[in-house]
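Open the model in your viewer and keep the sequence panel visible. The stops below run from one helix to a pair of strands, then to the whole chain.

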Amino acid sequence: MDTVDSFITSSLMEYESEDAGRHFSFGSSFNPCPRQVMYGSVGNGAKAKLTFYKRYRKSIIGVIRKVVQRTWARQGLLWGDWRCADLKCGVTYQNSRLEGGICIRCGSPAQYSEKIFDDPGFRGRCDAIVFHPGMDGYLIFKLKSRNTNVILRVEEPYPSDVCHASACATLLAREKWLRVIGRVVLWVGTPKPVPYKHWYYPGIGDEVYEDFLQRVQEVSGKMARGEEIKGFCYTAEDVPYNCPYGKNCFGEDFV
Ligand SMILES: [Zn+2]
């Protein structure tokens, strides 16, 4: 959609800031693939599979997410929870946008805390909740870093990306009464942020989220009956970098 595309370009890619930036890293715990749901619910040794390579990739997307958030925060577009970075001040703000991303009391930069959901079917963080002035509402972003070749080649985002954004959007609309106008899956390039690619989905996507909840129930039922759980990936190549279960599904084929 052109409106969203020009918004991302102007607010993110072309926005200039003097801010030196602060970097923090977080992981993501959303498990949409049936096998991930299965492994997640039986707690199958994910920690042992976290190699240096995976840690490296996870840290990079964590840093990129913080840079993106900081950029929107400086423009006053980012919505959510904040804590003043000045320890002596330490004021917190809930469910709000801060002009310039600055603490109202002391003028220090405020640190953005991603919204965390702990719903029966969805545990995870919302990458960015961004006000779109032209559309007078909020866009819920799922951010991913991808290398340039993947961005140029791939036509559709991973279903898990859309599920994630839809779950966040639905819960924000239901619990916070936020005026959510759409969901965006945004892939930014590495090592450079361009090219980027995004997919825009109008609305909160509650049907996508309800489908996901149903899948969690199905997986639980199948596990209880001892049936096979099929995953999203057909080959080891399909395994997304942020899935900790590649080796569980593909054994030694997975590097
Ligand atoms: Zn302050």
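**Stop one: helix H6**

Select Val 208, Tyr 209, Phe 212 and Val 219 in H6: these residues are buried, meaning that 20 or more other C-beta atoms, placed from the backbone, lie within 10 Å of the residue's own (12 or fewer is exposed, in between is partly exposed). Looking down the axis of H6, the buried residues line one face, because they fall within an arc of 100 degrees, taken from the directions from the helix axis to the C-beta atoms.

This is a predicted model, in which local features need pLDDT of at least 70 and side-chain atom pairs count only at pLDDT 80 or more, while totals for chains, interfaces and linings use all residues. Numbering starts from 1 along each chain as its sequence is written.

Now turn to the face of H6 directed away from the buried side, where the exposed residues are Glu 207, Gln 214, Gln 217, Gly 221, Ala 224 and Arg 225. Next, select Gly 226, which follows H6 and has a positive phi, near 75 degrees.

**Stop two: strands E8 and E9**

Select residues 180-190 (E8) and 196-202 (E9): the two strands pair in the antiparallel sense over seven bridges, where pairing takes at least two DSSP bridges. Five residues lie between E8 and E9 in this hairpin. Show Arg 183 and its bridge partner in E9, Tyr 201.

**Stop three: the whole protein**

Zoom out to seven helices and nine strands, which are DSSP runs numbered from the N terminus (helices H or I, at least four residues; strands E, at least two). Of the 255 residues, 36% count as buried.
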